[in-house]
Amino acid sequence: MNEILIVDDNEEILTANRDHLTAQGFNVTCADTGIKALALLNENRYDCLVLDILLPDLDGFTICKAARTITNTPVLFLSCLDEIDDKVNGLLSGGDDYMTKPYSLRELTARIHALLRRSEIQENNTADVRTPAQENIIIDRNHRSIFACGKNVLLSDKEFKLFTLLYDNQGAILSKEEILKEVWHNNAEIGIVAVWMLRLRRKIEFTEEVIGCIETIYGIGYRLIKSPHNDI
C-alpha cells in the first residue's frame, strides 16, 4: 500500500483529501504545519508528498527544499497560488507537479498515480542497470532514460523532449520560441522554457563529460555543446 503524506493547514481540505485517498487504497498521513511534515519525513518513508504552500510556520517552497536533502519522494504542490511565478518557484524548489485550488479529487488521485508510476519506473531502471564502460551512453527513448558515466536517470516527458531536441540538434542554437513550439506546442508562457531547462541541466549534469553541456545563448536560446569524448 502506497504511503502518502498530505501537508495543509486547512482541516477541511486535509479531511477531504485523506478520506478520498484512503478510499482509493492509499495509506494517508496528515500534517498541518511544516515542522510536523519535516519531522515525519525524517522518521518515515513516503511514496508521495502532497504539499500546500501557505502554512503557518514554513512555506511549502522551504519545506520542499528541505525535503530534497533527505528524500527523493515525488512532491505534488497543491495550492491556491496560481501565478506563473508560484508554479516556477514550486518546480525550482524541487517539486514534480503543481495543482491549484479549487481542484477535483479525481484529478488529484490521477496525478498522484502518475507520479508513483514515474517513481517506480525510475527505481526499477536503477535497480536493473548494467554498468558499461564509463564512456558508453544509452539513450532509451521508449522509457525516457539516459545511462552515462555509470549512472542512470529517468526524465519526465517534458525533460526528455527537451533533451532529445537539443541532443538531435547538437551544436545548433535553438531559440526559446522554437523550443516552446516543439515541446509545448506554444501552449505555455515563454518563461517556462528556462525553468525546465534548469531542471534538465541539474538532472544530466553528470553526463557532461560524455554527452556535452547545455549552453545558454543569452537573449536567444540554448544549444548542446558536444563533448569531445562523445563518439555517438
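A salt bridge, as the term is used here, is a side-chain nitrogen of Lys or Arg within 4 Å of a carboxyl oxygen of Asp or Glu. Keep that cut-off in mind for what follows. The model is predicted.

Start with Asp86. This residue lies in helix α4, which covers residues 84-92. Asp86 is buried, yet it has no salt bridge. Which side chain of opposite charge is nearest to Asp86? The answer is Lys87, and it is 8.5 Å away. A salt bridge needs the nitrogen within 4 Å of the carboxyl oxygen, so a pair beyond that cut-off does not count. What, then, does Asp86 touch? Leave aside the neighbours within four places in sequence, and Asp86 is in contact with Phe61, Leu81 and Tyr98.

Other charged residues do pair up. How many salt bridges does the whole structure hold? A search finds 12. A few of them make a useful tour.

Take Arg45 and Asp47. They form a salt bridge, and their closest N and O atoms are 2.6 Å apart. The two partners sit in contrasting surroundings. Arg45 is exposed, with a relative accessible area of 56%. Asp47 counts as buried, at 13% relative accessibility.

Next comes helix α6, residues 157-167. Asp157 and Lys161 both lie in this helix. They are 4 residues apart, about one turn of the helix. Their side chains meet in a salt bridge, at 3.3 Å from N to O. Are these two residues buried, exposed or partly exposed? Asp157 is partly exposed, with a relative accessible area of 34%. Lys161 is partly exposed too, at 32%.

Helix α6 also supplies Glu159, whose partner lies in another helix. Glu159 forms a salt bridge with Arg199, and the closest N and O atoms are 3.2 Å apart. Arg199 belongs to helix α8, residues 192-204, so the pair ties together parts that are 40 residues apart in sequence. Both ends of this bridge are buried. Glu159 has 0% relative accessibility. For Arg199 the relative accessible area is 9%. Asp86 is buried as well, but without a salt bridge.

The last stop goes beyond a single pair. Which residues are linked with Asp8 in a network of salt bridges? They are Asp52 and Lys101.

Terms used: Residues numbered from 1 in each chain as written. Predicted model: local features only at pLDDT ≥ 70, side-chain atom pairs only at ≥ 80, totals over all residues. Heavy atoms only, no water. Helix = DSSP H or I, 4+ residues; strand = E, 2+ residues; numbered from the N terminus. Buried < 20%, exposed > 50% of the residue type's maximum accessible area, 1.4 Å probe, protein only. Lys, Arg positive; Asp, Glu negative; His and termini not counted. Contact = heavy atoms within 4.5 Å.
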